[in-house]
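Subject: Structure handover

Hello,

Here is the structure you are taking over. Please open it alongside this message, and my notes follow below.

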Amino acid sequence: MVKNKLFFLVFLLVIYCYPQGEGGVFTRSRLAALKTGEGSLGNNPHAIEWFNELRRKTSTLGQERSISLDDIEGSVYLDVEFNNGTVYYLNEEYQNFPMRYDAYNDEIEIKRSASRQLQAFYKSPAISCEIKGQRVVYLEYQNKDGSLSEGYLFRYFEGPFYSFYVKHAKIFKEAKQAKTFLQGSFPHRFVDDEQFYIKLADGVPTFTKPQKNQLLEIFGKNNERAVKRFIKENRLSLSNIDDMVKLVAYANAL
């Protein structure tokens with residue numbers, strides 16, 4: 001049975017992982033090549049459309065302005081370096097690969113020894129991975145506006161009643177030129193965006209503001225006094241991931 005599952009996983013990785021060239025959208029070497037007009041955005045149509053739109057927005061008086069490495073700060077990757085990670089199929093360990101998370105495009109890239117090209121995981125709830133000791137799962141989750149999406153979430157704590165997830169994303173912010181000497185100018189840049197999600201035992205991960213009132217509502221009125229005391233005595237910062245892990249773990253023990 002296990003052998004059949006592993007064969008199926010190999011099939012998925014070979015057939016459905018697709019090449020990314022240099023990987024992601026904005027690697028340093030790709031952006032460097034864009035300076036001379038020799039760069040390429042690979043075979044990702046979303047990346048090409050995004051870049052074309054950026055060029056249109058930054059063109060002036062009908063003259064196209066080239067976007068180069070120096071024009072964009074930051075990275076699309078949560079960690080630019082590849083780290084050894086483990087692939088799981090239906091929670092069973094399959095194999096280790098060097099991997100990294102593209103937080104702008106919501107993709108996990110891997111290096112395969114048989115090819116120099118990078119490849120992206122086939123997105124499926126059956127396939128998860130562990131990077132630097134952190135489990136990354138593909139799930140349906142509820143957004144801030146109540147709508148449902150599918151994507152990668154980092155699972156920081158799993159409990160019988162409450163589980164805690166984080167959506168690590170990258171947001172692109174366009175350059176801002178100062179209008180007066182009192183204002184600051186900002187280049188094109190990728191900035192980090194962390195969103196917290198809490199999953200009840202019988203639900204889906206749901207967007208949760210790191211605010212005491214919302215958390216008290218989630219953990220229930222009967223636990224309100226205990227949770228308040230725990231937050232105060234431990235001086236927890238609800239916007240801190242490690243402190244949220246402590247709080248969710250405590251709530252599971254009540």
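Glu224 and Lys228 both sit in helix 5, 4 residues apart, so about one helical turn separates them. Their side chains meet in a salt bridge, at 3.4 Å from N to O. Keep in mind that this is a predicted model. Glu224 counts as partly exposed, because its relative accessibility is 25%. Lys228 is partly exposed too, with a relative accessible area of 36%. The pair is not isolated: salt bridges with shared partners join Lys221, Glu224 and Lys228 into one network.

**Other salt bridges**

A search of the whole structure finds 8 salt bridges. Side chains of opposite charge can pair when their charged atoms come close. Two further cases deserve a look.

Take Lys167 and Asp106. Their side chains form a salt bridge at 3.0 Å, N to O. What does this pair tie together? Lys167 belongs to strand 10, while Asp106 lies in the loop between strand 4 (92-102) and strand 5 (107-111), so the bridge links parts that are 61 residues apart in sequence. Are these two residues buried or exposed? Lys167 has 8% relative accessibility, so it counts as buried. Asp106 is buried as well, with a relative accessible area of 14%.

Then there is Arg100 with Glu109. Their side chains also meet in a salt bridge, 3.0 Å from N to O. Both Arg100 and Glu109 are buried.

**Nonpolar cores**

In soluble globular proteins, nonpolar side chains tend to be buried together. Here the largest nonpolar core has 19 residues. Those with the most contacts inside it are Phe164, Ile198, Leu215, Phe219, Met244, Leu247 and Val248. Which elements each supply at least two residues of this core? They are strand 10 (162-173), strand 11 (188-200), helix 4 (212-219), helix 5 (224-233) and helix 6 (241-253). Helix 6 gives the most, with 6 residues.

Phe219 is a good place to start browsing. Setting aside its neighbours within four places in sequence, Phe219 is in contact with Tyr162, Ile198, Val227, Leu247, Val248 and Ala251. Another core lies apart from this one. That core has 17 residues, among them Val87, Tyr101, Ile108 and Phe121.

**Strands and hairpins**

Follow the chain from strand 7 to strand 10.

- Strand 7 (residues 127-131) and strand 8 run antiparallel, joined by 3 bridges. Glu130 has Arg135, in strand 8, as its bridge partner. The two strands form a hairpin with 2 residues between them. In that turn, Lys132 has a positive phi of about 50°.
- Strand 8 (residues 134-142) and strand 9 (residues 148-157) pair in the antiparallel sense over 8 bridges. Gln142 is partnered by Leu148 in strand 9. This hairpin has 5 residues between its strands. Gly146, in the turn, has a positive phi of about 95°.
- Strand 9 and strand 10 are antiparallel as well, with 3 bridges. Arg155 stands opposite Tyr165 in strand 10. A hairpin of 4 residues joins the two strands.

**Where to look twice**

Strand 10 turns up in several places above. It pairs with strand 9, it holds Lys167 of the salt bridge to Asp106, and it supplies at least two residues of the largest core. Helix 5 also recurs: it carries Glu224 and Lys228, and it too supplies at least two residues of that core.

Over to you.

Best wishes

Terms used
Residues are numbered from 1 along each chain as its sequence is written. This is a predicted model: local features need pLDDT of at least 70, side-chain atom pairs count only at pLDDT 80 or more; totals for chains, interfaces and linings use all residues. Side-chain values use heavy atoms; hydrogens and water are left out. A nonpolar core is a set of buried Ala, Val, Leu, Ile, Met, Phe, Trp, Tyr and Cys residues joined through side-chain atoms within 4.5 Å. Buried means under 20% relative accessible area, exposed over 50%, partly exposed in between (1.4 Å probe, protein chains only). Contact means heavy atoms within 4.5 Å. A salt bridge is a side-chain nitrogen of Lys or Arg within 4 Å of a carboxyl oxygen of Asp or Glu. Two strands pair if DSSP finds at least two bridges between them.
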